[in-house]
Amino acid sequence: MRRRRFLKSVAVCSAVLAVAFLPVCRGATRCASNAHTPNILPLAAAFAVSTTTQEHSPASSSPANPAAAAHKIKVWTNDELIATRTPADVYIFQKEEQAAALVVEGFNQIASCFAFGQAEGNAEETQRAIDTTIQSIRDSEEAVVQARRALGTAPDNLKLRNQMELAQRTAELNHAREQLWKLQEHLQELEKSPAHDSAPSQAPN
Amino acid sequence: MSATRHRRCTNSEEGVALLIAISALLLISVIAISLIIAAGMETSLSGNYRSSTNAYYAARAGLEEGRGRLLPRNPDYFNATSPAFIPAALTLHDVRYVTNPTGGENVLTAYPDTEYDTEFGAGSLAGATVKTIASISPVAGITGALYKWVRINPITEKSINLDVNGDHVQNPTTLLFFDGQHLNLTATGQQALEVTSLAVLPNGTQKILQYVTAPMIFSLNFPAAVTAVGNYTGATNFGNQTAGFGISGADFCNPASQQYAVAGTSATSVTNLSAKLTPAGNYPGTGGSAGPPATASVGSNAAAMQNFPDPLHPGQTFDLTTIAGLNQLVSEIQSSADYTMADCSTTGNLGSAASPTVVVVTGNCSLSGNPSPPGSGILLVQGDVQYVDHPYDGLILAIGTGVFQQQASRLTHFYGSLVLAQTVNPSTHAPLGVPGTPTLSWLGGTGNPNLQYDSCLVANAQPTITYKPLSFREISQ
């Protein structure tokens, strides 16, 4: 007798809990279908198992079904998603953004060595810029020679520092040479062009 | 009968004179012998004293050779004779000997150094890293001072029998350093060294003398690429406005460390300089944001300048925001200078990174070219500085007219720290009551950054002016 009453109360409780969790399970199933996060996926799938029959029936997804139409679908905006981030999430996202920014910056620095800007200006201005750049190259060559000799005679505590200086001087020299190449190309183009004398006057980069 | 008695009595007095004479002679002999003995003793004493004094000064000569040759400015500097003989920091049981043999003797075996094991423990010398170098005492074949060897080594609390940090333990392994005022175990300041000298005279007299010594650095630290003393009220821009120009407070030697590109010494000066440091991107450094800075890196180092550590008198300070303080600094640099010149035409005096010098220029100084290597050290100029190319690194102090100009449009670099202070009227050279407005003008702007702070070159420029004896003792033999 007592055992029967116990089983009855268990059945009633199960029914009540089932009714109460039904909407949650439906939502979870929808999440499971869109989930990208591996941690969420198994959980959502577990909920989905209990509601497979309802979800997969064509009638339940039909807009004609008044019960489904009445159920409001929560659309998460970016702001809402960001608001749900924990401080740990925020920290990780910030770290990732910083790392990505560093990678981009590094790439840009390397790319800048090969990305020659478009030289502009008429032939006279370009020739003047070429003369200036040639002078810069001479200065840079002297600076590289100086840095190289200084590295040879530097005391041990300055060797690393002088290597850095030599690298910087060499980079300056390479940059000046690239600039000269770019200007010379531009000058040749201007000379090939019949109307180069009337080109717009603008200083080269 | 009475006559006979009288004769007897008279006869009995005979010989007294002889006795007296003998006694007197004896007395004189004793006195003479005493005098001879005393004189001999005096001779012996003075001989011993002379030997002791000779041995003392012979050992002292050894100490001074050892102490003197530690100094990089010395023409017979150890490392100039034998590269890396004295490294930047000696480790425990790094032992260096200066040997001064007579004839072909091996002084380290003929006169073994038992004192080292006494200080560091039995068997320590056998496990030590020993290097030797010849003495410079004999000159042109003439025997010099009669010391046999000089030992140079780092010290510990135990080796000098001293509890430096008051922890009631004499640490046997941690090496001692000297911070300008106290010995310490925390590697603060410069490494303290022990110099020990053994002298042996031909008569066998021996003496050991010992110094504990530490280098005294003429330390000048201005943590900014450019420090402008005084209330800057200049009408023109400080530097150059072109995009190719730059003053950077980013430490070239240690990129993670940032200093001010330009430091003022008062709030007024900082405000005025801020308005003249345009475009802001030309002046990166601390206080600016990452990337092209929105605001120029300029700040006040007034507190540090008002309590500037006296380079010659550790523990004392002076105020470098005043004329008196600036003049005192000039005076101390002059007293420690390797060269004092009217101008900068003698470029050979400007040193190098391997051998930096302290140079005072009383007039204008024109520096140009790309010498290999560039000059390096401390350069104090009381007139105008004209600068182009890359002729110098280290510390330039334009204290006087306070003018620094790049006079030709060429690729120009200076690494280190530049200090500008106007203490005299630039036209009349009459002394000013308060520091005036210094000038930094830059004609061409290629090679950004042109002036960059570099802590390595600034530190390298600081000369060791002497090895100060911290203690002196005679070790009984």
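Is Ala154(A) buried or exposed, counting C-beta neighbours inside 10 Å? I looked this up before anything else. Ala154(A) counts as buried because it has 22 C-beta neighbours inside 10 Å. The cut-offs I used: buried means 20 or more other C-beta atoms within 10 Å of a residue's own, exposed means 12 or fewer, partly exposed is in between, and C-beta atoms are placed from the backbone.

Notes on the model. This is a predicted model, in which local features need pLDDT of at least 70 and side-chain atom pairs count only at pLDDT 80 or more, while totals for chains, interfaces and linings use all residues. Residues are numbered from 1 along each chain as its sequence is written, and chains are lettered from A and ligands numbered from 1 in the order in which they are written.

**Entry: Ala154(A) and the chain contact**

I placed Ala154(A) in the loop between helix H8 (123–153) and helix H9 (159–192) of chain A. Helices (H or I, at least four residues) and strands (E, at least two) are DSSP runs, numbered from the N terminus. I then listed the contacts of Ala154(A), leaving aside neighbours within four places in sequence: Lys159(A), Asn162(A), Ala353(B) and Ala354(B). Two residues are in contact if their C-beta atoms, placed from the backbone, lie within 7 Å.

For the chains as wholes, I found 16 residues of chain B in contact with 16 residues of chain A. On the side of chain B that touches chain A, I sorted the residues into 8 nonpolar, 7 polar and 1 charged. Here Ala, Val, Leu, Ile, Met, Phe, Trp, Tyr, Cys and Pro count as nonpolar, Asp, Glu, Lys and Arg as charged, and the others, Gly among them, as polar.

**Entry: chain A**

I counted 9 helices and 0 strands in chain A. Of its 205 residues, 17% count as buried. Among contacts in chain A between residues at least 6 apart in sequence, 62% join residues at least 24 apart.

How do the axes of H8(A) and H9(A) cross? They come within 8 Å and cross at roughly 160°. The axes are lines fitted to C-alpha atoms, for helices over the stretch in contact, and angles run from 0 to 180 degrees between N-to-C directions. H8(A) and H9(A) are therefore roughly antiparallel to each other; the cut-offs are under 35 degrees for roughly parallel, over 145 for roughly antiparallel, 65 to 115 for roughly perpendicular, and oblique for the rest. I sorted the residues of the contact of H8(A) with H9(A) into 17 nonpolar, 11 polar and 8 charged.

**Entry: chain B and its cores**

I counted 9 helices and 26 strands in chain B. Of the 477 residues of chain B, 42% count as buried. Residues 24 or more positions apart account for 59% of the contacts in chain B with a separation of 6 or more.

Which residues touch the most other members of the largest nonpolar core? Of its 79 residues, they are Val226(B), Val262(B) and Leu420(B). A nonpolar core is a set of buried Ala, Val, Leu, Ile, Met, Phe, Trp, Tyr and Cys residues joined through C-beta atoms within 7 Å. I checked Leu420(B) without its neighbours within four places in sequence; its contacts include Val226(B), Ala228(B), Phe404(B) and Leu440(B). A second, separate core has 39 residues, among them Leu125(B), Tyr147(B), Leu175(B) and Tyr467(B).

In helix H6 (residues 267–276) of chain B, I found Ser269(B), Val270(B), Asn272(B) and Leu273(B) buried. The buried residues of H6(B) pack against strand S9 (224–228), strand S11 (260–264) and strand S12 (298–300) of chain B.

**Entry: loops of chain B**

I noted a cis peptide bond from Thr278(B) to Pro279(B), with omega near -10°. Pro279(B) is in the loop between H6 and S12 of chain B. Another cis peptide bond joins Ser372(B) and Pro373(B), with omega about -5°. Pro373(B) sits in the loop between strand S17 (365–367) and strand S18 (375–381) of chain B.

Ala187(B), not a glycine, has a positive phi of about 55°. I put Ala187(B) in the loop between strand S5 (183–184) and strand S6 (190–191) of chain B. It counts as partly exposed because it has 13 C-beta neighbours inside 10 Å.

His429(B) also is not a glycine and has a positive phi, near 65°. With 12 other C-beta atoms within 10 Å, His429(B) is exposed.
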